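Please look through the structure below together with its sequence. A guided reading follows it, from the overall layout to single residues.

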Amino acid sequence: MCHILCLKSIVKRIGAIHSLQFLYHTLIKMPRSYTLKLETRALGAVQIMNGLIYSALGFLCFALFLEEEERKHTGYIPVVVTLTYIFWSLPFFISSGSTIIGAQKRPTKYKLIYSLVMNILSVCFSIVGTIILSIACFTYHADTNEYVWTHMAGSMLLQYLLFSTITEVICACITIRWIVVALSHPEYSEKSPSLSESSVSIKGPA
């Protein structure tokens, strides 16, 4: 009787070891794949184009406000602050778009996390820019009471920059949402073994 009890204990331990091996193989060693929506590639392209348009508008603002009019302020916002924001935010806009395109082609965990970080930074910069450009747009005024074409051009440039910034916020927020969904629902690339194959069945004496 003692031998039978010892044999049962050994079999139970072996079954527990096999169960742990099964869990380790399934949860840790099993390679995972992530699925990112195909539409994220289009959003990435929009972000890159938005960054390029942003750079063109920034150079136009530089030429208009500093070289043509020699302005010091765009409304309540100094020209230096507006131009600094434009050129500092450019790398984040373009990088957030290019990283999400690369992540959509070959979605790995590290690419998705890197793209997530870049899009979060892009959203932060865009929110700051929305505040700056909104104040600049609503407080921008001409230096004289006469009609000057440069004032109209400057007002339009600020409005286009504000529209592009809001567009970046929307695209980056949608992208962040899709990345989080992809990271939360990984798929196993291999068929995991069933628990019945890895566990040991314990049978009592007949």
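The paragraphs below take up the fold, the annotated spans, the aromatic rings, the cores, one serine and the cysteines.

The model is predicted. The protein has six helices and four strands, and from the N terminus on these elements follow the order α-β-α-β-β-α-α-α-β-α. Of the 206 residues, 35% are buried. The accessible surface is about 12,900 Å², and carbon and sulfur atoms account for 68% of that area. Among contacts between residues at least 6 apart in sequence, 85% are between residues at least 24 apart.

An unreviewed UniProt entry lists residues 42–65, 77–101, 113–141 and 161–183 under "transmembrane region". Two of these spans can be set beside the model. Residues 42–65 are 100% helix and 0% strand, with 34 Å between the end C-alpha atoms. Residues 161–183 are likewise 100% helix and 0% strand, and here the end C-alpha atoms are 33 Å apart.

The aromatic rings offer a way into the packing between helices. Across the whole structure there are four aromatic pairs. One of them joins Tyr54 and Tyr85 in an edge-to-face arrangement, with 6.3 Å from centre to centre and 85 degrees between the planes. Tyr54 belongs to helix 2 (residues 39–68) and Tyr85 to helix 3 (residues 79–105), so this pair ties together parts that are 31 residues apart in sequence. Both Tyr54 and Tyr85 are buried. Ring pairs also bring in Phe93, which forms a cluster with Tyr54 and Tyr85.

The two tyrosines appear again in the nonpolar packing. The largest nonpolar core has 21 residues, and those touching the most other members are Tyr54, Phe65, Tyr85, Leu133, Leu158 and Leu161. Helix 2, helix 3, helix 4 (109–139) and helix 5 (149–184) are the elements that each give two or more residues to this core. Helix 3 supplies the largest share, six residues. Apart from this core there is a second, separate one of 12 residues, with Tyr34, Ile100, Ala103 and Ala182 among them.

Which residues does Ser126 contact, leaving aside its neighbours within four places in sequence? They are Tyr85, Phe93, Thr165, Glu168 and Val169. Ser126 itself lies in helix 4. Its relative accessible area is 0%, so Ser126 counts as buried. Two of its contacts, Tyr85 and Phe93, are members of the ring cluster described above.

The cysteines remain. A disulfide is a covalent bond between the sulfur atoms of two cysteines. The search of the whole structure finds zero disulfides. Cys124 is in none, and the nearest cysteine sulfur, in Cys173, is 9.6 Å away. Why does Cys171 not bond to Cys173, which holds the closest cysteine sulfur? The sulfur of Cys171 is 9.5 Å from that of Cys173, which is too far for a bond, given that a disulfide requires sulfur atoms within 2.5 Å. The surroundings of Cys124 and Cys171 can also be stated. Cys124 has 44% relative accessibility and so counts as partly exposed, whereas Cys171, at 7%, counts as buried because the limit for that class is under 20%.

Key:
Residues are numbered from 1 along each chain as its sequence is written. This is a predicted model: local features need pLDDT of at least 70, side-chain atom pairs count only at pLDDT 80 or more; totals for chains, interfaces and linings use all residues. Side-chain values use heavy atoms; hydrogens and water are left out. UniProt positions are given in the numbering used here, feature names are shortened, and annotations may be inferred rather than shown by experiment. Rings of Phe, Tyr and Trp (its six-membered ring) pair if their centres lie within 6.5 Å; planes under 30 degrees apart count as stacked, over 60 as edge-to-face and the rest as tilted. Buried means under 20% relative accessible area, exposed over 50%, partly exposed in between (1.4 Å probe, protein chains only). Contact means heavy atoms within 4.5 Å. Accessible areas come from the Shrake-Rupley method with a 1.4 Å probe; for residues, only the protein chains shown count as cover. A nonpolar core is a set of buried Ala, Val, Leu, Ile, Met, Phe, Trp, Tyr and Cys residues joined through side-chain atoms within 4.5 Å.
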